[in-house]
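Me: I would like a close look at one part of this structure, set out as a connected account. Please begin with a single pair of strands and work outward from there.

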Amino acid sequence: MVFFWREGQGVWRLLLSVLHLLFWEAGSGQVHYSVSEEAKHGTFVGRIAQDLGLELAELVPRLFRLASKGRGDLLEVNLQNGILFVNSRIDREELCGRSVECSIHLEVIVDRPLQVFHVEVEVKDINDNQPVFPKAVKNLFIYESRPPGSRIPLEGASDADIGANSLLTYTLNSNEYFTLDVKRNYVEIKSLGLVLKKLLDREVTPEHHLLITAVDGGKPVLTGTIQLKITVVDVNDNAPEFESTIYKVRLFENAPNGTLVVTVNASDLDEGINKDIVYSFNTDMSADTLSKFHIDPVNGYISVKGNIDFEFTKLYEIQVEATDKGNPPMADHCTVVVEILDTNDNVPELVVKSLSLPVLEDAPLGTVIALISVSDGDSGANGQVTCTLTHHVPFKLVSTFKNYYSLVLDSALDRESMANYEVVVTARDGGSPSLSTTASVSVEVADVNDNAPAFAQPEYTVFVKENNPPGCHIFTVSARDADAQENALVSYSLVERRVGERALSSYVSVHAESGKVYALQPLDHEELELLQFQVSARDAGVPPLGSNVTLQVFVLDENDNAPAVLLPGPGGGADALSQLVARSVGAGHVVAKVRAVDADSGYNAWLSYELQPAVGGARSPFRVGLYTGEISTTRALDEADAPRHRLLVLVKDHGEPALTATATVLLSLEDSGQAPKASSRASSGAASADTVLVDVNVYLIIAICAVSSLFVLTLLLYTALRCSAPSSEGACGPGKPTLVCSSAVGSWSYSQQRRQRVCSGEGPPKADLMAFSPCLPPGPISGDREEQTDVKVDLPAKVSNF
């Protein structure tokens with residue numbers, strides 16, 4: 001006799017699952033293959049390199065590799081031809097149990113650039129497992145009073161395969177007392193039982209031997225058998241009866257021990273000891289089920305006694321027997337179906353791998369930093385995991401596949417602002433309350449040469465005394481580079497240019513490492529008052545970056561030039577100043593003038609004149625103006641005075657220490673016989689002197705106005721040149737001497753006017769303009785005139801033409 005179990009709902013459920021899988025595969029964009037379980041080593045699965053769009057030649061250089069979570073090395077790729085093949089035995093039942101869907105998820109990772117592909121390999125079931133009964137031989141005791149139609153429950157066979165390979169049909173060897181009954185009780189639980197066709201007669205047949213055969217739906221078919229030994233018992237004629245043949249309950253996982261699951265209840269129509277019922281579990285139940293539940297034999301309370309884990313088993317089928325105490329005892333059976341409900345008891349798992357560190361600070365947006373995968377053992381909302389990052393970091397998470405993320409660069413990096421980021425990734429499930437886990441990723445930012453060396457200020461002013469020793473240190477420049485390592489290693493050099501006819505490097509040098517600036521030769525204020533140049537700071541990055549700083553070196557004057565006396569004659573070549581003086585001149589008459597210049601400037605060039613005492617201590621009838629150099633009579637000359645007078649005039653500057661020069665003046669007195677002529681000449685000279693003095697006064701007024709205008713113009717021009725900074729050079733050299741002017745009320749001290757060279761490269765040479773009024777005691781007063789305090793003005797060359 002053959003029985004086919006046609007499960008309409010199960011077939012529809014299987015069909016919907018297959019359609020769902022097909023639609024999901026079409027939308028996911030991943031590569032799918034299929035392979036049968038138990039395939040031999042080397043079995044072809046697919047051309048994975050070709051299907052992923054990868055060239056065979058780049059598999060090894062790009063470090064092509066497979067990753068399979070918890071799957072070992074079931075599959076492997078031949079890097080020579082890009083073929084995915086079976087590497088070791090694949091047992092679908094060991095891999096996925098009785099799950100309808102069974103696949104191996106592979107991650108294909110290649111570098112340069114980093115890419116991740118997802119490959120699904122479906123493992124197809126073959127009919128490699130035969131139906132298995134719990135026992136090969138089962139003993140049953142049936143009372144002879146049991147009415148026809150009674151059903152004796154049996155434990156059916158199980159097949160580890162799925163689909164058609166696990167669809168079982170049962171056959172029973174031919175007999176006149178029993179028939180086989182198969183029912184669908186709950187979901188996928190099949191109930192097998194013997195149905196009594198007619199009354200048993202122990203006296204006729206005390207024992208019955210039956211053979212049940214289970215046949216699966218595979219090709220070729222596999223079978224399993226169980227032998228039933230039925231003993232007919234002649235005792236109690238009323239068996240206990242349960243209130244329900246099936247009890248359905250729901251139980252949350254992780255329920256504590258002692259939690260009441262359900263109470264089963266059975267009744268017996270007999271009386272006395274035959275009515276007393278004992279509850280127990282069917283001895284054919286699995287050891288796992290027996291370890292999870294306990295039944296009270298008197299009250300029928302079923303309670304928890306072991307760990308209930310939804311992730312391990314989602315449904316328990318408990319066979320309960322109610323046996324009376326009659327002799328022989330009679331029993332009834334019921335089924336308790338316990339559905340386990342999921343609770344949020346699994347913390348998400350978070351794995352960070354394939355880190356691309358460190359990250360260059362100029363890395364483009366979207367650069368992949370790390371690959372992150374998450375998983376949760378719970379189901380439903382409890383197993384839905386979302387990933388987040390800490391706030392205010394220049395990174396973001398991009399979902400690449402279900403529960404797979406990439407940590408990518410979201411905004412520009414700047415190592416000088418932040419050199420290291422501690423990125424905390426949080427994985428949180430959707431349970432209530434939710435559970436979360438975190439992983440910290442330390443992202444180091446690598447330096448690139450994006451900062452040029454910077455000086456504290458764009459320009460420095462340095463004061464150096466002239467006549468410095470060669471090689472003396474005059475200043476130190478320092479630039480700071482915000483980069484790191486060789487990108488921050490700064491070296492210094494001069495920005496070479498010409499200073500007049502000479503190179504800048506002949507004047508100064510700079511140490512490449514320390515930035516110390518040295519004067520290579522003694523500087524001369526009279527030759528060069530201002531030396532302006534640039535120092536370049538350049539780092540060692542690739543490409544190198546640099547910046548410049550301007551140094552203005554002012555050469556301070558020292559009193560290193562003695563006064564020089566200007567003597568009359570072509571080129572001032574005479575040794576002494578000779579002058580004729582009439583004896584008839586009165587006191588205070590100017591008879592001669594000593595002129596001298598000093599190459600220095602300021603007080604170092606301010607000259608004073610002194611008349612040296614005559615030999616023998618004789619009193620001279622002449623004196624010299626302290627600041628004018630004019631030699632005049634102290635009294636009226638007479639016949640007693642010597643016809644010739646040799647005067648020695650000491651010229652001294654105001655430097656520290658003061659330098660001096662001497663001038664010899666030879667005065668010859670005219671005889672009285674030559675008085676008319678001399679008087680005539682003196683009158684003519686006096687008239688001429690008055691005319692000259694008047695002219696000179698006019699010239700002085702014009703010169704003062706011109707100097708004031710030129711001073712203002714010079715300041716404006718200097719400001720404009722500094723702003724525009726043209727790269728022009730002038731010649732360094734002395735200018736023309738300035739005209740010496742004198743008057744009755746004073747004189748302009750004659751000095752060697754030099755057009756001082758300002759070697760800055762920012763404009764033409766500039767003339768020196770300096771005015772001061774010394775606070776000195778007035779000179780001695782002679783008869784009819786008073787010594788006037790001199791004011792020395794160094795005039796530009798063009799003013800000297802007045």
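Reply: In this predicted model, strand 7 and strand 8 (residues 115-124) pair in the antiparallel sense, and the pairing extends over 8 bridges. Within this pairing, Leu-106 has Val-119 of strand 8 opposite it. The two strands belong to an open sheet of 4 strands, arranged in the order 2-8-7-4 with mixed pairing. Strand 2 (31-36) and strand 4 (65-67) are its edge strands, and each of them pairs on one side only. On average, neighbouring strands of this sheet are turned by 30 degrees against each other, direction ignored.

One residue of strand 7 (residues 103-110) merits particular attention, namely Glu-107. Its relative accessible area is 5%; the limit for a buried residue is under 20%, and Glu-107 is therefore classed as buried. The side chain of Glu-107 makes a polar contact of 3.0 Å with the side chain of Lys-353. Beyond its neighbours within four places in sequence, Glu-107 is in contact with Arg-65, Leu-66 and Ala-67, with Phe-117 and His-118, and with Lys-353 and Tyr-404.

Several of these partners lead to other strands. The residue range of strand 4 is 65-67, and Arg-65, Leu-66 and Ala-67 are among the contacts of Glu-107. Strand 8 comprises residues 115-124, and Phe-117 and His-118 are likewise in contact with Glu-107. Lys-353, the partner in the polar contact, falls in strand 25 (residues 349-353), which runs antiparallel to strand 27 and is joined to it by 5 bridges. Tyr-404, another contact of Glu-107, falls in strand 30 (residues 404-409), which pairs with strand 27 in the antiparallel sense, also over 5 bridges.

Strand 27 thus connects the last two of these elements, and Ser-373 illustrates the arrangement. Val-351 stands opposite Ser-373 of strand 27, while the bridge partner of Ser-373 in strand 30 is Tyr-404. Strand 27 (residues 368-375) is largely enclosed by the rest of the structure, because 7 of its 8 residues are buried.

The wider chain provides the setting for this region. The protein chain has 5 helices and 57 strands. Of its 802 residues, 43% are buried. Among contacts with a separation of 6 or more, 68% involve residues 24 or more positions apart. The accessible surface of the chain comes to about 41100 Å², and carbon and sulfur atoms account for 55% of that area.

Conventions. Residues are numbered from 1 along each chain as its sequence is written. This is a predicted model: local features need pLDDT of at least 70, side-chain atom pairs count only at pLDDT 80 or more; totals for chains, interfaces and linings use all residues. Side-chain values use heavy atoms; hydrogens and water are left out. Buried means under 20% relative accessible area, exposed over 50%, partly exposed in between (1.4 Å probe, protein chains only). Two strands pair if DSSP finds at least two bridges between them. A polar contact is a pair of N or O atoms within 3.5 Å; within protein, one must be able to donate a hydrogen and the other to accept it, and residues adjacent in sequence count only if both atoms are side-chain atoms. Contact means heavy atoms within 4.5 Å. Axes are lines fitted to C-alpha atoms, for helices over the stretch in contact, and angles run from 0 to 180 degrees between N-to-C directions. Accessible areas come from the Shrake-Rupley method with a 1.4 Å probe; for residues, only the protein chains shown count as cover.
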